[in-house]
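Please look over the chain shown here before reading on. The briefing moves from the overall fold to one helix pair.

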Amino acid sequence: MLFRSVIERAKEAGVPVIVLGGKTEGCANVRYDYVGGFKNIVRHVIGEHGIKDVHLMGGVKDNPFSQERVDAFAQVLEEYGLPFDESMVSYGEFWADPAREAARKLIEKGDLPDAVICAVGSHPFVPPIKGVENARHALEAYKDLSVLQGKKVVIIGGGAIGCES
């Protein structure tokens, strides 16, 4: 496995190895409480802003990481005595075009929720990887649409960068 061979070569060369977001034996591991951080984001939107009609724009359907967020979303809604069903979740597949399409479909339904919590990726750092220009936020779909004019909008960072802040 390439990952393991890179770690072994780094150790042989005396280079410290730090694994972010995972757990690898013999390495320094930095783990994130994605579920706890995401629950706090949902609690903030509901509790602090008084928003009861909430929609989740998630990553990939049936992806374990995405499903953790859907489960956390449902659990927090339950904490507040709010109902949950699958129609409250859209999937942007962690990619620009599917996220835009999911956002457009939500808008086209006509009955917009009071808040959309987007858990589709982040933007503060764009690594120099071929094809990365295709990764965008679902929020881009809302930029030029008048549907949000005069509406209250809450934007909160999440993930490895925002959940801890």
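The points below cover the chain as a whole and then the packing of two helices.

The model is predicted. Its chain has five helices and five strands, and 33% of the 165 residues are buried. The helix pair treated in detail is α2, residues 34-48, and α3, residues 64-79.

**Chain overall**

- Read from the N terminus, the order of elements is α-β-β-α-β-α-β-α-β-α.
- Of the contacts between residues at least 6 apart in sequence, 65% link residues at least 24 apart.
- The exposed surface of the chain comes to about 10600 Å², with 53% of it supplied by carbon and sulfur atoms.

**Geometry of α2 and α3**

- The axes of α2 and α3 come within 9 Å and cross at roughly 40°.
- That angle lies outside the roughly parallel class, which takes angles under 35 degrees, and outside the roughly perpendicular class of 65 to 115, so α2 is oblique to α3.
- The crossing of α2 past α3 is right-handed.

**Residues where α2 and α3 meet**

- From α2, the contact involves Tyr 34, Val 35, Phe 38, Lys 39, Val 42, Arg 43 and Ile 46.
- From α3, the residues in contact are Phe 65, Glu 68, Arg 69, Ala 72, Phe 73, Gln 75, Val 76, Leu 77 and Glu 79.
- By type, the residues of this α2 and α3 contact divide into ten nonpolar, one polar and five charged.

Terms used:
Residues numbered from 1 in each chain as written. Predicted model: local features only at pLDDT ≥ 70, side-chain atom pairs only at ≥ 80, totals over all residues. Heavy atoms only, no water. Axes fitted to C-alpha atoms, helices over the stretch in contact; angles between N-to-C directions. Helix = DSSP H or I, 4+ residues; strand = E, 2+ residues; numbered from the N terminus. Parallel < 35°, antiparallel > 145°, perpendicular 65-115°, else oblique. Left-handed = near helix turned anticlockwise from the far one by under 90°. Contact = heavy atoms within 4.5 Å. Nonpolar A, V, L, I, M, F, W, Y, C, P; charged D, E, K, R; others polar. Buried < 20%, exposed > 50% of the residue type's maximum accessible area, 1.4 Å probe, protein only. Areas by Shrake-Rupley, 256 points an atom, 1.4 Å probe, with all protein chains shown as cover.
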